[in-house]
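The paragraphs that follow are meant to be read with the coordinates open beside them, moving from a single residue outward to the sheet and then to the helices.

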Amino acid sequence: MVAGNTARLYALFEKRSVEFVTKKRKSPLVPSFMERVLYGTEDFEAATEKDLQNWRRIAQYMQAAKPTELRNTAVMSGPVNAAEFVKRIRKNQDQDVLLENLDGTRSVQALAMSTMPASFIEQFPSAYFPYADAVVVNNRSPGLLMHELGHAVDLTKRDNESNLRRYLRWQLKPLLWQELSAWRKARKAYQAGYAASPEIDDERSRKEYLDNMRSYNRRKYPAFGSYLGGIGGLGLGAVGGGIAAGILTDGALVPHGGLIGGLGGGAFGAIGGALAGKLWAKLRENANKRKAEKQLDAFRKHPQMSAIREHLLKLREEEQRNSEKQKSKKKG
Ligand SMILES: [Zn+2]
């Protein structure tokens, strides 16, 4: 039937929302000592229904600003079945370049994921899985959710981008740069989407925005600190280790001294950097709040606001349609 076919064809091109796959936690997260020091224990509790509603809004704002980038992205939390990952790893198969096809990158990923029990997946640290286009956040931090979705915005194949270009971007973009991009792109997408929303001047919603930005900054600065401290520590540690080794061996510099010193220095630098980042976030809390308000005002004047608002309303219409469909399914 032609009508049916047209409808099916249309459905293929229809905008899809970020999908949420969440399961009730069975085991608690056990944060490390450093995590407890940096973020407190509250962040490591399971996400509540209220948290998840906030997460959905965050994803929706971000997607309104970046509709094609987050089209296929999924957010997973809790003891999710590995099949959910495998399904998604298969879905984007047509994006692979010859090399990935030849060495079976995607098959290996699927195989590796399939071995992971749900009890292990619910202990995963926050991450983005580019081949599955899936974000995992097992704690309740909205700032981390934003960051991981920022990785998706940064890495997913762009419209009109060739597979090869996408592949080279994944391979050649240095990890540190990927991290910085994820933080920056997450913030921009979230703020642009929220600035375009009808609820921007609503008091409760504004408080949610500021709370989310606070969580973002609380996570971002220690992360930045650990990247910078890690690099600085690595360098200083290498010099120090080299010198110490040199002294110990009476002048004949042992290269391993530099290496061991570098690694140790890197680790200590990362910890020190993270702690400095925490302190910095705390000191900057009020300044960051003002900055978050200012950035929002700047986005409101952005020429793309009406288009982003249109995307947002479309996503909400779709959400409404889906929840009605589910309701009638339950009744039937
Ligand atoms: Zn990251």
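Asp133 is buried, because 23 other C-beta atoms lie within 10 Å of its own, and the threshold for that class is 20 or more. The model is a predicted one, and in it Asp133 is placed in the loop between E3 and E4. Its backbone deserves a careful look, since Asp133 has a positive phi of about 50 degrees although it is not a glycine. As a general matter, most residues other than glycine have a negative phi.

A second residue invites the comparison. Asn160 also has a positive phi without being a glycine, in this case of about 65 degrees, and it lies in the loop between H8 and helix H9 (163–172). Is Asn160 buried or exposed? With 7 C-beta neighbours inside 10 Å, Asn160 counts as exposed, because the limit for that class is 12 or fewer, whereas Asp133 is buried.

From the loop between E3 and E4 one can pass to the sheet itself, in which four strands are arranged in the order E1-E2-E4-E3, forming an open sheet with mixed pairing. Strand E1 (19–22) and strand E3 (127–129) are the edge strands, each of them pairing on one side only. From one strand to the next, the twist averages 20 degrees. In general terms, strands of a sheet pair through backbone hydrogen bonds, either parallel or antiparallel.

Strand E2 can be followed through its pairings with E1 and E4. E1 and E2 run parallel and are joined by four bridges, and within this pairing Thr22 stands opposite Ser77 in E2. Strand E2 (residues 74–77) also runs parallel to strand E4 (residues 134–136), to which three bridges join it, with Ala74 opposite Ala134 in E4. Which residues cover the two faces of E2? Ala74 and Met76 lie on one side, Val75 and Ser77 lie on the other, and all of these are buried, so that both faces of E2 are covered.

In edge strand E1, Phe20 offers a contrast to the buried residues of E2. Phe20 has its place in strand E1 and counts as partly exposed, because it has 14 C-beta neighbours inside 10 Å. Leaving aside residues up to four places away in sequence, Phe20 touches Arg56 and Val75. For Phe20 and Val75, which are 55 residues apart along the chain, the C-alpha atoms are separated by 4.8 Å.

The helices can be approached through two of their crossings. In general, two packed helices are described by the angle between their axes and the distance between the axes. Helix H8 (residues 142–155) and helix H10 (residues 175–195) have axes that come within 7 Å and cross at roughly 100 degrees, and the two helices are therefore roughly perpendicular to each other. On the side of H8 the contact is made by Met146, His147, Leu149, Gly150, His151, Val153 and Asp154, and on the side of H10 by Gln178, Ser181, Ala182, Trp183, Lys185, Ala186, Ala189 and Tyr190. Sorted by class, this contact has eight nonpolar, five polar and two charged residues.

The other crossing involves helix H3 (residues 49–65) and helix H14 (residues 305–331), whose axes come within 8 Å and cross at roughly 135 degrees. That angle makes H3 oblique to H14, because over 145 degrees would be needed for a roughly antiparallel arrangement. H3 passes H14 in a right-handed crossing. Here Gln60, Gln63, Ala64 and Ala65 in H3 meet Ile308, His311, Leu312 and Leu315 in H14, and by class this contact has five nonpolar, three polar and no charged residues.

These details can finally be set within the chain as a whole. The protein chain has 14 helices and four strands, and buried residues make up 35% of its 332 residues. How are its contacts distributed along the sequence? Among contacts between residues at least 6 apart in sequence, 79% join residues at least 24 apart.

Terms used
Residues are numbered from 1 along each chain as its sequence is written. This is a predicted model: local features need pLDDT of at least 70, side-chain atom pairs count only at pLDDT 80 or more; totals for chains, interfaces and linings use all residues. Two strands pair if DSSP finds at least two bridges between them. Axes are lines fitted to C-alpha atoms, for helices over the stretch in contact, and angles run from 0 to 180 degrees between N-to-C directions. Angles under 35 degrees count as roughly parallel, over 145 as roughly antiparallel, 65 to 115 as roughly perpendicular and the rest as oblique. A crossing is left-handed if the near helix is turned anticlockwise from the far one by less than a right angle, and right-handed if clockwise. Two residues are in contact if their C-beta atoms, placed from the backbone, lie within 7 Å. Ala, Val, Leu, Ile, Met, Phe, Trp, Tyr, Cys and Pro count as nonpolar, Asp, Glu, Lys and Arg as charged, and the others, Gly among them, as polar.
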